[in-house]
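Please look over the sequence and the structure shown here before reading the report.

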Amino acid sequence: MARPDGVPKVKGEFEYSSDLHVDGMLWGATLRSPHPHASIRSIDTSEAETMAGVFAVLTHEDVPGRKVYGMEVPDQPVLAWKKIRYEGEAVALVAADHPETARRAMKKISVDYEVLEPVTDAEAAMAEDAPNLHLSGNLLRRVDVRHGDPRATADVVVTGEYEVGMQDQAFLGPESGLAVPDGEGGVDLYISTQWLHVDRDQVAESLDLSPEMVRLTLSGVGGAFGGREDLSMQIHACMLALHASRPVKMVYDREESFYGHVHRHPAKMRYEHGANTDGKLIYVRANLIFDGGAYASSSNAVCLNAATFACGPYDVPNARIESLMLYTNNPPCGAMRGFGAVQVCFAHEAQMDQLASALGMDPVELRIRNAIEPGMTFPFGQEVPYPAPVREILDRVKAMPLPEENETMGRDLRELPGGVSNATHGEGVKRGVGYAVGFKNIGFSAGFDDYSTARVSLSVEDSGPLVRVHTAAVEVGQGLVMVQAQIARTELGVENVIVETADTRIGSAGSTSASRQSYVTGGAVKQACEAVRERIFERVHEEFGEEVDEFSISGENIVVDGRVIAPLVELLGEGNIEETVEFHHRATYPLDEDGQGDVHLQYAFAAHRAVVEVDVELGLVRVVEVATAQDVGKVINPLALEGQIEGGIAQGLGLALMEEIRITDAKIQNASFTDYLIPTILDMPPVRMEILELADPESPYGLKGVGEPPTIASTPAIVAALRDATGKKLTRIPVRPEHIAGLEA
Amino acid sequence: MPVYERAELSAELKIIPPQEESSEAARRAAGESGLGREAGPETTMISGGRREVLEAMTSTIEAALDAGAKTIEVKIEAEGDAPRFGEE
């Protein structure tokens, strides 16, 4: 089936939140700090307030409710007072009749800063003489995992230090929204986000309004990848609209977007792996240090994820993992596709390759020998649930045919590293092959009561039976609207399904993150459809005395075994049958002090094989092919699945080779898509994929979340292939040409 | 994904009328608890597990009183459970 937003998006007709317009609206703008660490001595807005066309100029004094917000810990000022903790922190707001007027008004706001020395990385934040960025110091979170014998020894030991740079979600649609005051003190916000209800509650808190007075409606989302899970201008737009009593639209440009959302955490990781001479892992020890930036955002969860996935999908009898999250004056970091698991997968997979080399073993064979299996125990104390086909997906990627290797000399330049930039004509090009496997939790963990709400109604319209599905689940481009419609059609047998716009008129659906929506909102829609079916059974029994266990809707009739029981219209008349359900998945539990517990819901696994060609003199790379095997439980929509896998690999390739927010002295150096490079179609190789459908006995249809696993192991597989081609250690990502060419360590 | 790591309890303390000496004492005590954060020009917030927040709040209030605070407004909010989000 075609996705309803597909054609408009391809034709450029889809309305993103940046396209929102209402007559008489004002334009909001944000004055941001140019300094990463400073004290604010004073803010003078008087000149800006008197400008023609300016309707509001607001500072922290105008925040009517809670002056801070935060998904886990409310520590981030809505508008800064006294302290600036990162470059780009919001200080004041303006609403004006034109974006240019707003820009000029911001220039008239005078902020007197006392500039302070910034804390520029996580290790510096741990120094004894480092300034405390928050009252409680700079350590935001620490998670320890202690498993087995802490003093275990091994025949073969390998150590390594690994570093991951700050990746950006690089969604194409910048942050944007439209706030419309309702004239009665409340406000409607049309917004692109990932979780309407958590936005609503934080907005209401800071506006000092009851949640009912703040209504959110989802607008067209141009990608998210975690970067829209935290607030950007939600509170700001509503403050301006309520203050000016006019609708206010805010749209960040690309540069502001880099300052307006959280990024993937940079990490430094020290690892030690010990194994016996047969290649059986004896222990893993790791020290993980994450730079959380200036505010908490989702750093606590990233810290926990990294600790639990630090050993990889392997049977590790003894583990000692220390995961630390630090505050710094760098941009705040938070959710991004695969978070926590991405960073440690790069490190543990590099370690497995190093261990294979030390043992003289094939790297895939080493992984298979240590592959975790259902019934075993993860180092964090949870029993490995079925299915966990680590061995099988590794076997599959290993068995896939390798792409043909043609003579490099005389090849079409587009098939060489550097492409048509005339870098190499085939000389100095070496091919490499690398493997990696990774895993991640699906859904919310650690005791959170994770659920989604769905309302399904069945009626008969002039055009025939119609099903309406209403949830607050956010479509960010992944195809959830289509999946909801598919489930309703499958369960009720009605072709005509409308998926209504997501908003806060219905209960929470949770966040579109953690690869969870097909599971949780899919489960809610399925259960709501089942409840509607149950009501139909009851009515058939009441009206016609028929005892039926199974029926279908065929055309406009209720049919059992090909026999028409009743026209649907006779059952429903002009009314409808409507059911609202909450779908909760099974309980999870927080980790104990030793980092042990049934912490996660479901695990998804993916293995990757990358083939690269490298110009070893210039350090240029062409990824020839990425092959992958992934267990998805049940394919719900094959095309959407393919899109998720290819898109995830593209993002993994970006982290391996090009995507990094470069920061010097806590200041972003490349806040544009000219300087922050993301893969284009020219960089993206063909993807060879094999899909396993091993049903999860607990999930709806047996499905598993699919969005994040493709991103996790694709990065280390590409870097392993680079090592194979170059013989270099390559312990930092993204790998730059100078690392390959040997110009920089 | 992150909300599953949401702080179980948050306590906001505000000294009325604002008084620098007692505010500073409260901030210092909150900071020493390992749970404190600033939540406004005159407001200190303590976020974390229920028991540790309640203990830290007591010591923070005591520090503020010792420093001369006459009125302390305390707002406590349990945030760990899902129903806060999406309760209709």
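The report covers the domains of chain A, one helix pair, chain B and the contact between the chains.

## Domains of chain A

The model is predicted. In chain A, the domain assignment gives domain 1 (6-116 + 175-251), domain 2 (267-444 + 591-741) and domain 3 (451-584). Domain 1 and domain 2 of chain A are each written as two stretches of residues, whereas domain 3 of chain A is written as one stretch.

The centres of domain 1 and domain 2 of chain A, taken over C-alpha atoms, are separated by 36 Å. Where these domains of chain A meet, domain 1 has 17 residues in contact with 19 residues of domain 2. On the side of domain 1 of chain A that touches domain 2 of chain A, five residues are nonpolar, six are polar and six are charged.

## A pair of helices in chain A

How do helix 8 and helix 9 of chain A lie relative to each other, roughly parallel or roughly perpendicular? Helix 8 of chain A packs against helix 9 (residues 341-359) of chain A at an angle of about 30°, and their axes are 8 Å apart. Angles under 35 degrees count as roughly parallel, and therefore helix 8 and helix 9 of chain A are roughly parallel to each other. Their crossing is right-handed.

Helix 8 of chain A makes this contact through A:Asn305, A:Ala306 and A:Phe309, and helix 9 of chain A through A:Ala341, A:Gln343 and A:Val344. Among the residues of this contact, four are nonpolar, two are polar and none is charged.

## Chain B

Chain B has two helices and four strands. Read from the N terminus on, the elements of chain B follow the order β-α-β-β-α-β. The chain B pattern thus begins and ends with a strand.

Chain B has 88 residues, and 47% of them count as buried. Among the contacts in chain B with a separation of 6 or more, 67% come from residues 24 or more positions apart.

## Where the two chains meet

How many residues does each chain give to the contact? Chain A gives 38 residues and chain B gives 28 residues. On the side of chain A that touches chain B, the elements giving two or more residues are helix 5 (196-207), helix 8 (299-309) and strand 19 (451-461) of chain A. Helix 8 of chain A therefore takes part in the packing with helix 9 of chain A and also gives residues to the side that touches chain B.

The residues on that side of chain A divide into 16 nonpolar, 13 polar and nine charged.

Conventions: Residues are numbered from 1 along each chain as its sequence is written. Chains are lettered from A and ligands numbered from 1 in the order in which they are written. This is a predicted model: local features need pLDDT of at least 70, side-chain atom pairs count only at pLDDT 80 or more; totals for chains, interfaces and linings use all residues. Two residues are in contact if their C-beta atoms, placed from the backbone, lie within 7 Å. Ala, Val, Leu, Ile, Met, Phe, Trp, Tyr, Cys and Pro count as nonpolar, Asp, Glu, Lys and Arg as charged, and the others, Gly among them, as polar. Domain bounds come from an automatic or database domain assignment. Axes are lines fitted to C-alpha atoms, for helices over the stretch in contact, and angles run from 0 to 180 degrees between N-to-C directions. Angles under 35 degrees count as roughly parallel, over 145 as roughly antiparallel, 65 to 115 as roughly perpendicular and the rest as oblique. A crossing is left-handed if the near helix is turned anticlockwise from the far one by less than a right angle, and right-handed if clockwise. A residue is buried if 20 or more other C-beta atoms lie within 10 Å of its own, exposed if 12 or fewer, and partly exposed in between; C-beta atoms are placed from the backbone.
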